[in-house]
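Hi there,

As promised, I am handing over the structure we talked about. Please have a look at it first, and then read my notes underneath.

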Amino acid sequence: MTDALIPTTSAELQPRPPCPVSENGGGGQCDHPGFVQRYFARYLHPESHIVYLQHSNATICIMTLGESHPVLSCGGVSSVSFDVPATPPETDALSRLDNSVSGKGKKGGQWIKPGDVMCAISTRDGAVHHIKSAISASLLEVNANLLADPTLLETRTLSEGWIAIMQLKQPRRNRAHDPFHDMELIQDCRSNCEASED
């Protein structure tokens, strides 16, 4: 699943000339569209400072940190844990790493609700930040690479530094089915990228 969504080849991971669009707004022409600009819309949850990258297929989204998240201003990330406390009616703690899906429909993933803890991020100032979901979705995968290199959260936020890949229960047909309706759509380069290819 990861290979279809996240750049994994050495060519795709090479630094690109920056697109003049940041996570807090802005605009401009994108002469060098990257993977995210080309295929994802970005939504910022203002209370949690979490960004959701929604794939053009309408059901897949990637959870990552927004550039305003407190974790990114605490002197550096020291570790990441995907062991999370129990949430009622469950009585035992669980690990997001134990998540498993199967089949074409990706069945069997942990069901995530708003407020559920996805991971705990420890920073060098001694703080522990519990990263919570703002949407309901099925968990497809968490980024186990963060265990070995947690600094990816800081240095490669929109590529290798993602936290989780999730699948919405159904496409966003209207406001009632839209988990992003109360989030800020961050302006990105996708329309300019598409126009530049015509």
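Among contacts in the protein chain between residues at least 6 apart in sequence, what percentage join residues at least 24 apart? The value is 60%. Please keep in mind that this is a predicted model.

Here is the overall picture. The protein chain has five helices and 12 strands. It is 198 residues in length, and 45% of them count as buried. About 10,100 Å² of the protein chain is exposed, with 49% of that supplied by carbon and sulfur atoms.

Next, one of the sheets. Three strands make an open, antiparallel sheet in the order 4-8-9. Strand 4 (77-81) and strand 9 (128-132) each have a single partner strand, so each has one side without a neighbour in the sheet. On average, neighbouring strands here are turned by 25° against each other, direction ignored. Four bridges hold the antiparallel pairing of strand 4 with strand 8 (residues 117-123); among the bridge partners, Val 77 is matched with Thr 123 of strand 8.

Finally, a residue to click on: Glu 160. You will find Glu 160 in the loop between helix 4 (152-155) and strand 11 (164-167). Is Glu 160 buried or partly exposed? Glu 160 counts as partly exposed, because its relative accessibility is 23% and buried would need a value under 20%. The side chain of Glu 160 makes a polar contact of 2.9 Å with that of Ser 159. Asn 143 lies 17 residues from Glu 160 in sequence, with 8.3 Å between their C-alpha atoms.

Happy to talk it through whenever suits you.

Best wishes

How values were computed
Residues are numbered from 1 along each chain as its sequence is written. This is a predicted model: local features need pLDDT of at least 70, side-chain atom pairs count only at pLDDT 80 or more; totals for chains, interfaces and linings use all residues. Side-chain values use heavy atoms; hydrogens and water are left out. Helices (H or I, at least four residues) and strands (E, at least two) are DSSP runs, numbered from the N terminus. Buried means under 20% relative accessible area, exposed over 50%, partly exposed in between (1.4 Å probe, protein chains only). Contact means heavy atoms within 4.5 Å. Accessible areas come from the Shrake-Rupley method with a 1.4 Å probe; for residues, only the protein chains shown count as cover. A polar contact is a pair of N or O atoms within 3.5 Å; within protein, one must be able to donate a hydrogen and the other to accept it, and residues adjacent in sequence count only if both atoms are side-chain atoms. Two strands pair if DSSP finds at least two bridges between them. Axes are lines fitted to C-alpha atoms, for helices over the stretch in contact, and angles run from 0 to 180 degrees between N-to-C directions.
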